Amino acid sequence: MSFGYLLFVNTKHQSHEYLLNAYACALSIKNTQREGYDKVALVIDKEWLLEPLTNDWVFDKVIEWGEKEGWDGRSYMDKLTPWDETVCLDADVLLTHDFSHWIDYLSDTFELFLPSKAYTYRGEVITSDYYRKTFTANKLPNFYSLFTYFKKESPLATDFFTLNRSIIDNPKEFANMFLTDHKPKVIGTDEAFALSAKILGIDTDITHNLNFPRIVHLKPMIQNWPWPANKVSDHVGFYLNDNCELKIGNYQQNGVIHYNEKTLITKELISILEHKAWKKTF
Amino acid sequence: MTKGILVFAHNNRDIDYAKLALYSARLATEHLKLPVSLVTDTSTIEWMKECGTYDRSTELFDKILTVERPAPTNYRKLNDGKEPSRVLFTNQTRHKSFEITPYDKTLVIDADYLIFNDNLNAYWDLEQDVILAKNVYDLSGQDRFQYLDSYISETGIDLKWATTFMFTKNEKSKIFFETVKNILENNEIFSQIFRYNYMQFRNDIAFSVANHICNGFQEVSNYTLPAITVTLDKDKLVDVSNESATFLINDASGSRLGDYFACSVKNTNVHIMNKKSLERLVSRQI
């Protein structure tokens with residue numbers, strides 16, 4: 001039984017920063033997860049783009065695939081993953097601690113799992129629906145697709161991703177039928193996943209109310225600040241020390257950090273992550 | 001293991017904190033049935049002798065402990081109902097609680113915190129080195145607090161309250177109070193790191209920052225003391241007894257400062273921000 005993480009990068013409609021984000025994510029996985037839980041597969045439309053990366057070995061498997069553009073490819077995660085059990089992460093995510101015990105728990109408990117809770121950088125549960133009006137208006141389950149666990153051979157996961165592909169391929173039809181109270185401009189992965197779960201009636205089967213995985217979601221308008229904000233980094237600093245421990249503002253982070261701002265991954269930050277990966281591995 | 005209460009009082013030209021401490025200590029003794037010690041300074045003691053409250057203090061207080069009076073550098077704006085004034089705020093000795101307390105376990109209360117029940121006695125046996133209060137509650141039910149009553153700054157950490165706190169004298173709590181002292185002595189630097197306004201030193205902020213540092217820069221699910229019920233300095237205390245207090249509450253829904261409604265509280269501890277009105281009533285009772 002193999003377990004690994006899966007990342008998607010598609011450069012056609014995504015900037016090249018996504019590749020750097022995925023690289024940082026893979027480095028953070030190598031740096032924090034214990035052996036057996038630290039494998040990373042990358043789905044990318046142009047494999048040659050990896051050549052400039054200093055440590056492309058952090059991607060244990062590279063799958064060249066570009067049939068879908070942008071984030072739409074993620075609905076094929078069940079078909080593309082090389083692992084028996086997978087956590088598909090958004091590229092703009094950093095792992096800060098060893099979460100292998102979560103994986104064991106998810107493996108024992110679920111065939112398919114999506115987190116339904118996210119936190120601010122201060123550790124407060126996010127209650128604002130500023131970016132999720134579609135969810136509230138249409139009573140969709142509050143899923144975050146950025147951390148999706150599934151078993152490849154699970155019939156439940158197969159049904160879920162099959163329906164999800166239909167939604168992504170026919171967004172207007174599904175929006176007209178199921179999202180009538182608030183139609184999103186674009187049906188993103190979060191909306192598609194939530195809608196799939198709702199249609200299949202499995203929304204309570206594929207999540208739990210526990211405090212993990214601890215998703216720290218850094219979109220600016222949901223940080224419980226007293227004023228509107230364009231970017232989180234305009235207001236709080238990101239500090240990664242030599243041991244790759246991350247502080248945001250005055251808060252030590254210990255969750256799955258979804259930082260959203262693609263340009264946050266600088267060469268300096270990559271260098272710190274690479275340095276630790278080298279020290280740990282060689 | 002000995003248990004007791006500390007009340008701090010440093011008088012200034014505007015407010016006789018020693019008088020407030022005398023009253024709050026009497027209520028604390030009556031409801032919590034524990035010894036109360038006063039922490040003060042020599043000039044305050046001289047004034048107590050001059051105005052005739054010292055003898056009563058020696059009877060009521062378990063011990064009268066003196067610390068050096070800090071330089072008069074810290075000021076704040078306080079209302080007495082609708083009358084604003086700028087007053088000296090001598091609050092820089094609170095970190096000395098650790099070194100000066102005669103008790104193994106200590107509850108520290110502000111001199112303007114009136115105890116009308118024994119709820120705080122339920123917290124003595126908690127196995128936690130330092131216990132702070134996390135929440136405040138507006139007695140009037142109008143929730144007149146602002147953002148910076150919940151956080152030390154717009155993007156900063158949660159604000160805890162040093163109005164009441166409890167600690168066990170041990171190595172861990174020593175580190176906590178040394179951290180508070182460090183913040184006091186380097187307030188401007190800490191204010192840059194934690195982004196709070198350093199113009200007025202507040203124990204609430206210093207304790208919050210120390211707590212955050214000692215918890216590894218994270219919010220942790222520690223025990224907290226009960227929410228502090230507060231009346232604002234715009235409110236006026238008009239009557240107080242051993243079990244209850246009556247206020248004229250500034251009506252937040254009204255357009256003008258000075259519109260009031262009556263409000264009474266019984267068997268509930270209250271932090272009275274209008275120290276002048278408390279002092280007026282206490283003077284009559286003592």
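1. Start with a sheet in chain A of this predicted model. Strands E9, E10 and E11 of chain A form an open sheet, in that order. The pairing is antiparallel. Strands of a sheet pair through backbone hydrogen bonds, either parallel or antiparallel.

2. Next, the edges. Strand E9 of chain A covers 238–240, and strand E11 of chain A covers 251–252. Each has a single partner strand, so one side of each is left without a neighbour in the sheet.

3. Now follow one pairing. How many bridges join E9(A) to E10(A)? There are 3, and the two strands run antiparallel. Strand E10 of chain A spans residues 246–248. For a specific pair, look at A:Phe238: its bridge partner in E10(A) is A:Ile248.

4. Step back to the whole of chain A. The chain holds 8 helices and 12 strands. Its radius of gyration is 18 Å, and the globule rule gives 19 Å for 282 residues. These values are close, so chain A is as compact as a globular protein of that length. Along its principal axes, the C-alpha trace of chain A spans about 55 × 45 × 35 Å.

5. What share of chain A is buried? Buried residues make up 46% of its 282 residues. Contacts across the sequence deserve a look too. Take the contacts in chain A with a separation of 6 or more: 79% of them join residues 24 or more positions apart.

6. The largest nonpolar core has 83 residues. Those with the most contacts inside it are A:Leu7, A:Ala22, A:Cys25 and A:Ala26. Which element gives this core its largest share? Helix H1 of chain A, residues 17–32, supplies 10 residues.

7. A:Cys25 is a good residue to inspect on screen. Leave aside its neighbours within four places in sequence. A:Cys25 is then in contact with A:Leu7, A:Leu89, A:Ala91, A:Val93 and A:Leu94. Apart from the core of A:Cys25 lies another core, of 68 residues. Among its members are B:Ile5, B:Phe176, B:Ile183 and B:Ala206.

8. Where the chains meet, 11 residues of chain A are in contact with 11 residues of chain B. Which kinds of residue make up the chain A side? That side divides into 4 nonpolar, 5 polar and 2 charged residues.

9. Last, the confidence scores. The model has an ipTM of 0.89 and a pTM of 0.92. Chain B averages a pLDDT of 94, and 98% of the residues score at least 70. Where pLDDT is low, the predicted coordinates should not be read in detail.

Conventions: Residues numbered from 1 in each chain as written. Chains lettered and ligands numbered in written order. Predicted model: local features only at pLDDT ≥ 70, side-chain atom pairs only at ≥ 80, totals over all residues. Contact = placed C-beta atoms within 7 Å. Nonpolar A, V, L, I, M, F, W, Y, C, P; charged D, E, K, R; others polar. Core = buried A, V, L, I, M, F, W, Y, C linked by C-beta atoms within 7 Å. Buried ≥ 20, exposed ≤ 12 C-beta atoms within 10 Å, placed from the backbone. Helix = DSSP H or I, 4+ residues; strand = E, 2+ residues; numbered from the N terminus. Rg over C-alpha atoms; globule rule 2.2 N^0.38 Å. pLDDT = per-residue confidence, 0-100. Pairing = 2+ DSSP bridges.
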